[in-house]
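Thanks for coming, everyone. I'll put one structure up and walk you through a few spots in it.

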Amino acid sequence: MSDVRVPILMYHAVTADPNDATRALSVTPEAFAGQMTVLADRGLTPVTTAELAAHWRSGRPLPARPVLVTFDDGYEGVHRHALPVLAEHGFTATLFVSTGWLRGPYDTGGGPDTMLDWDQVRELAAAGVEIGGHSHSHPQLDRLGDRRLRSELILCKEIVSDQLGSVPASFAYPYGYSSRRVRQAVRETGYAQALAVGNGLARRAQGPYALRRVTVRRSTDPAEFERLVEGRSLTRVFARDRALTKGYAMVRRARQARRVVARARE
């Protein structure tokens, strides 16, 4: 099992009526239900992020065909629409929450759509969904200074721990962006593993703080979804994403260089 590639599916909102900000990365409740049926019919068994990492660390047993179902940010539809489908199949999942986006005492008002409240998060946890961290305010972590970076990580962890009574073990990088410095900070904060994006299958060789995921979105049709979980044609499926990512990476590097020069002149 240690050399097997594992599909980690990355979802965001599950809703029939997303707003413009979340539409592209949302899926309809009907599509999500159909995708979970595909997993069941193909004999794939969802496990949590912590369970996969524990297997690669210590040989903890896993099902013959593991898959991860993950949700980022904390949209209300994960509770309303996804949880009943997961329960119907006996599936688990991992939800990565941006604590400042959830409705309740820590809400900063930045949530891009209707978000979960803490009672719903507790119900998800009680149903066997692993709750992981996704920062507090969902910034691009690799563009933060050390102090703000650690504040984002620690505040998220402390809020989840306070609300759920258990310390989150897993983390997902907002926007998928990380760096060696960010990964080191995530490890030092106490998270045992972290997920990026990368749009490829996860492998042990990627290391516990840079595991790749594949993006499921509104445009993912049934045939493409089957290719994702089988790991087929991923280069072709995500070719446009990779081109855009490379282009944006160049823009980000240029912006960073300008900030460094500006600080040096101050």
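Let's start at Tyr 175, which sits in the loop between β6 (170-172) and α6 (180-189). By helices and strands I mean DSSP runs, numbered from the N terminus: H or I of at least four residues for a helix, E of at least two for a strand. Before going on, this is a predicted model, so local features need pLDDT of at least 70 and side-chain atom pairs count only at pLDDT 80 or more, while totals for chains, interfaces and linings use all residues. Residues are numbered from 1 along each chain as its sequence is written, and side-chain values use heavy atoms, with hydrogens and water left out.

So, Tyr 175: buried, exposed or partly exposed? Partly exposed, because its relative accessible area is 47%; buried means under 20%, exposed over 50%, and partly exposed in between, with a 1.4 Å probe and protein chains only. Its phi is near 65°, a positive value in a residue other than glycine. Most residues other than glycine have a negative phi. Asn 199 is another such case, with phi near 50°, and it lies in the loop between β7 and β8. Asn 199 counts as buried, because its relative accessibility is 8%.

Stay in that loop a moment. Between β7 (193-198) and β8 (211-215) you also find Arg 204, which is partly exposed at 44% relative accessible area. Its C-alpha is 8.5 Å from that of Ala 53, although the two are 151 residues apart along the chain.

That takes us to helix α2, residues 49-58, where Thr 49, Leu 52, Ala 53, Ala 54, His 55 and Trp 56 are buried. Trp 56 has 7% relative accessibility, so it counts as buried. The C-alpha atoms of Trp 56 and Asp 3 are separated by 9.3 Å, with their positions 53 residues apart along the chain. Just after α2 comes Gly 59, with a positive phi of about 80°.

Helix α1 has a glycine like that too: Gly 43, just after the helix, takes a positive phi of about 75°. The helix itself, residues 29-41, has 13 residues and reaches 18 Å from first C-alpha to last, close to the 18 Å expected at 1.5 Å a residue (that is, 1.5 Å times one less than the number of residues). Which residues of α1 are buried? Pro 29, Phe 32, Gln 35, Met 36, Val 38 and Leu 39. They pack against β1 (8-11), β2 (45-46), β3 (66-73), α3 (77-89) and α7 (222-230).

Now a helix pair. α4 (residues 118-126) and α5 (residues 146-164) pack at about 75°, their axes 10 Å apart; the axes are lines fitted to C-alpha atoms over the stretch in contact, and angles run from 0 to 180 degrees between N-to-C directions. That makes the two helices roughly perpendicular, the word for angles of 65 to 115 degrees; under 35 is roughly parallel, over 145 roughly antiparallel, and the rest oblique. Trp 118, Val 121 and Arg 122 of α4 meet Ile 159, Val 160, Gln 163 and Leu 164 of α5, where contact means heavy atoms within 4.5 Å.

Last, the overall picture. The protein has nine helices and eight strands, and buried residues make up 49% of its 266 residues. Of the contacts with a separation of 6 or more, 64% come from residues 24 or more positions apart.
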